[in-house]
Amino acid sequence: MVVTDAQHRFLRAVAQCVARLLRRVRAARARERRARAAVTRTRRAPACLDALTGAALLLPGLAGAAEGDGVDVQLLHYREGERAILGLESRYDPIEADTLTTRARFTLADRLRLRLDYTQDTWSGATPVATAPAELRGNFSNDLDGISNASPYLQPGRTTYLDIATLRPLATDGYGNLTGGFDDRLVHTLSGASPETRRQADLLLTYEWDESALDVGGGTSRERDYESVFGSLGGRFDFDQKRTTLRVGGSFTRSETQARLDHDALPYLYDAVEVVRDERRDVGLHASLSRELNRGARLEANVGFGHASGYLANPYKAVQVLFIDPDAQAFAPPGTYYTVSNALRERRPRSREQGSLDLRYVQHVAATDAALHLGYRYFRDDWGIGAHTFEAEWVQPLGRSWRIAPRVRFYSQSAADFYAPYLVTRQAPFPPVVDPLRGQVYVNANSPEDGLRYFDDPTLANPDGYNPNTGDPVVDENGDPVPQSIADLLTPLTTRLDPNKLPAKYSSDHRLSGYGAISAGVTLTRELGDGVALELGYEHYTHAGALKLGGGGEKGFADFRFDLLSARLNVAFGASGRVFATPSAAEDEAHAQHEGHAAERHAHAGAPAGVMFDHLLSTQGEVMVGYRYTFARRAGGMRQGSRALSAASAKAEGCAGAPCLILPEAMDMHMHMLELMWAPTDWLTLMVMPQLTDMSMRLRGVATDAELIALPHELNGLYQHHISHEHETGGFGDTSVAALVRLFDGERHHLHAGLGVSAPTGEENVQLRDTHAIDAGATHYGMQLGSGTWDFEPSLTYTGRAERFTWGAQWNATVRLRDHNAAGYGLGDATQLSAWGAYDVTHWLTGSLRVVYGWQGSIRGAYRGTFYAFGPHDEPRNHGGQLWDLGIGLSAALPGTAFKAHRVRLEWLQPIAEDLNGTQLDRKGELALSWSLSF
Amino acid sequence: MSAVRLRGVLAALAAITCTSCASVEPWERGTLARPEMAVDPSPLQSEARAHVYESREGASGAATSDGGGCGCY
């Protein structure tokens, strides 16, 4: 065997450490004998073990041990503060976003590793669309209560006066009378957004050699209006016995925008298009060099280059333009310009080159045994943005299992060259078309596209019709007189604005303005047990123009704040510990023969994935973490009671006497639940189950033309909104807390009761975004994230086992502790009976069959606030009913491997029969997937 | 940043690097192997924060193009 230099050094380190440890043990024993006091270990021994750990990093295959196999689940909540809109209260809630990230890392083969990531985020709330001078009075309240109402405020044709010398807006009394002085205040135009969900899945394959690695990755991100596909390739090269590491990589992304513009904004945008369809491509290259400077310091430098091309604008952002119409200056008091407003969609360059330099320095601080992290980043692009980021973090271990890390971050950027809060242009928004010989050109207002042109001719000898605008006789293109019936319809022909008089590119997105941001946060990490860690994070962020380095930042109207809260659970597969270590063959045999404990483990192995509260933990102090995913789909035709209903019957009978205008077509629900269980004693298990839910619903219009004509204009718009968009909601759902109590635990039979409470942490009054200048009100009942009430959740579970058979039955119920929630309605109580049987097909795989009967009451009460009912799904009585389902499940575990404490279960619930309350959409089924790990 | 300032930063960096280039022996790397001494001790949280910064700041990822969505809101 050839011993390399690295291995020689490692063996020498081992030998030295062992010798040092032996010397210390001998010395300790001598001291013990002398003092007859217990000395457990010397204080410096861990340092020696650290040295061994470090030296072991040199060995092939162990370098990534610190980032070993495992699973991470992270929840992130983002919440913005209120935007300042001239002291008015916006009736939109600020933007909120909930993000779920799961990451799993596996070793597929000796040197091949796989990382799988899944991320979904759901956001909703108000966001700035454009910016305007306060003098436009677009964002002033129409209501006495001071609440800014109609949306959005891009109305064209608003007038204001600008100072001729400076183009600064002049103050008026709101009725066109100058009051003296300037009014430089700016204000955002806010627009609400219905909830939207984005999903991203990606994977990374890594192949490791002794001193290098290759990464190949790819993935896709999908949201309603934006889809992207990406791939990456990277390499790692270790030098100088891994003291220096070079990483290089590249990535490519192709994205497609398909953005349907806001109904409300369309009439107010000069260059409106209903749907923006375009694409972009991004290429990124990066290289980083990491170097161990000494035994307590590390430095990393990273350079990156990015090139983006295609549609780089934000389809939802507009720019207010003040038009100085040369022909309208008769309205302007002396020394002023008279302007009329309009709004254009923003125009950004179709390419962007970006470069960045990152420096990170980590220094061990011996005094407190902490790590100080310092970071600096310089960014520059060809849009004119230059940015500096400074970061500092102090990572302080506290004892063996805690770590606290406070941090601060400062960011400052200069504005993009084409950023302007609003534009001023010296032209008319709709310049008149003038014939050089015959003057203003007119067209028939009822048929402007018919190609016929008309003119005034004051010299006409035998006039017929007269232009009502000018009083002159009207002629057609041949000079013949036209009748008065046509002359009355004439309107001046205008053309479009001259783009050459505008900047080539423009955006008033304040993210492209000059500003600074300061944020401070803390991360708290707790090792819970063998290879399990919980991490909590908080950050408060303040964006302000005044914080820009060197001054000159944007004014205070664009300032905002946000808070970030995060929680992450990490479970390491490869960590050393009693649960994760591969047991020896003898241990395996002992385990197999150990009837009691094994039977207990297997007893709940048979409970199908869809059964909640199905088992207690068997020993005091045991902890279990689990993840449960449920997908439910309703689609197909409509049903009433137990019979299928035609669309015509559903339309006639589904909406409390009135004909329905809309019928539901499909509804999907995804739920991600985290299960945390702990047994304080062997007869009691406590559970906490936070969850993230998202739903989407597709509707179709069934209104006749006559019904649509009878509908008020605003509701007509809302109707169109319903049938042209798939509605989405998402965010944190209700959180269940339960205690499971062991009632009987025999050789074959087992009985336990559950007493649970569901806390109303989910939103019960999610609103649709405003549309057609009306408050669209609450979304559909079935799309709300929580019940809005505290609910009592009792359950009783029996399980049994004989040889390879397991069976069980469960009763559970949900009792609402209040009739109505704050929004005015109350979900119906529910109960469910389940019975199942399962058979161990092999020692690691179990198959199950389950019969489920469920009952749920209809919704009590109704929304108190604004709510427009269009279809059967909007009627409280059309909810709940009796259901019979058949469940087919599989459960897998891998005893005798490193994954022996893990269990994966899967179940499909197929609807068999139902007796639904009222008229409802048919059910397609439900998929339950659960993974659990006890330790 | 001007070229002069950039050169200054690079010079300072080089100085730090060189003065600190004491050779780290394998058995002296215990401290460096600790989780808090990793360049990024909480990578998943950092990625999530970076995603928020990218959707709220003008200086986007530059070298990384690995999804993240539109960030249009």
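A disulfide is a pair of cysteine sulfur atoms within 2.5 Å, and this predicted model has one for us to visit. Here is a short route through the structure.

**Stop 1: the disulfide**

Select A:Cys655 and A:Cys660 and show their side chains. Their sulfur atoms lie 2.0 Å apart, and the two residues form a disulfide. A disulfide is a covalent bond between the sulfur atoms of two cysteines. Now look along the S-S bond: its torsion is about 110°, so the disulfide of A:Cys655 and A:Cys660 is right-handed. Are these two cysteines, A:Cys655 and A:Cys660, buried or exposed? Both are buried. You need not hunt for others, as a search of the whole structure finds one disulfide over all chains.

**Stop 2: a hairpin and its neighbour**

Next, colour strand E35 of chain A, residues 662-681, and strand E36 of chain A, residues 684-689. These two strands run antiparallel and are joined by four bridges. Follow the backbone from E35(A) to E36(A) and you pass through a hairpin of two residues. Pick A:Val688 in E36(A); opposite this residue stands A:Leu676.

Keep A:Val688 selected and add strand E39 of chain A, residues 735-745. Which residue in E39(A) is the bridge partner of A:Val688? The partner is A:Val737. E36(A) and E39(A) pair over six bridges, again in the antiparallel sense. While you have the strands on screen, look at how their side chains point: in a regular strand they alternate between the two faces of the sheet.

**Stop 3: a buried threonine**

Now move to A:Thr336, which lies in strand E18 of chain A, residues 336-345. Why does A:Thr336 count as buried? Its relative accessibility is 7%, and the cut-off for buried is under 20%. Show the side chain of A:Thr336 and find the backbone oxygen of A:Pro333, which the side chain reaches at 2.7 Å. Then display the residues around A:Thr336. Leaving aside neighbours within four places in sequence, A:Thr336 is in contact with A:Tyr161, A:Leu162, A:Ile164, A:Leu170, A:Leu178 and A:Gln329.

**Stop 4: confidence**

Finally, colour chain A by pLDDT. The average for the chain is 85, and 86% of the residues score at least 70. Select residues 37-66 of chain A, where the pLDDT is below 50; this stretch has 46 contacts in the model beyond near neighbours in sequence. Residues 141-152 of chain A also have a pLDDT below 50, and this stretch has 31 such contacts in the model.

Technical notes: Residues numbered from 1 in each chain as written. Chains lettered and ligands numbered in written order. Predicted model: local features only at pLDDT ≥ 70, side-chain atom pairs only at ≥ 80, totals over all residues. Heavy atoms only, no water. Buried < 20%, exposed > 50% of the residue type's maximum accessible area, 1.4 Å probe, protein only. Polar contact = N/O pair within 3.5 Å; in protein donor to acceptor, adjacent residues only side chain to side chain. Contact = heavy atoms within 4.5 Å. pLDDT = per-residue confidence, 0-100. Pairing = 2+ DSSP bridges.
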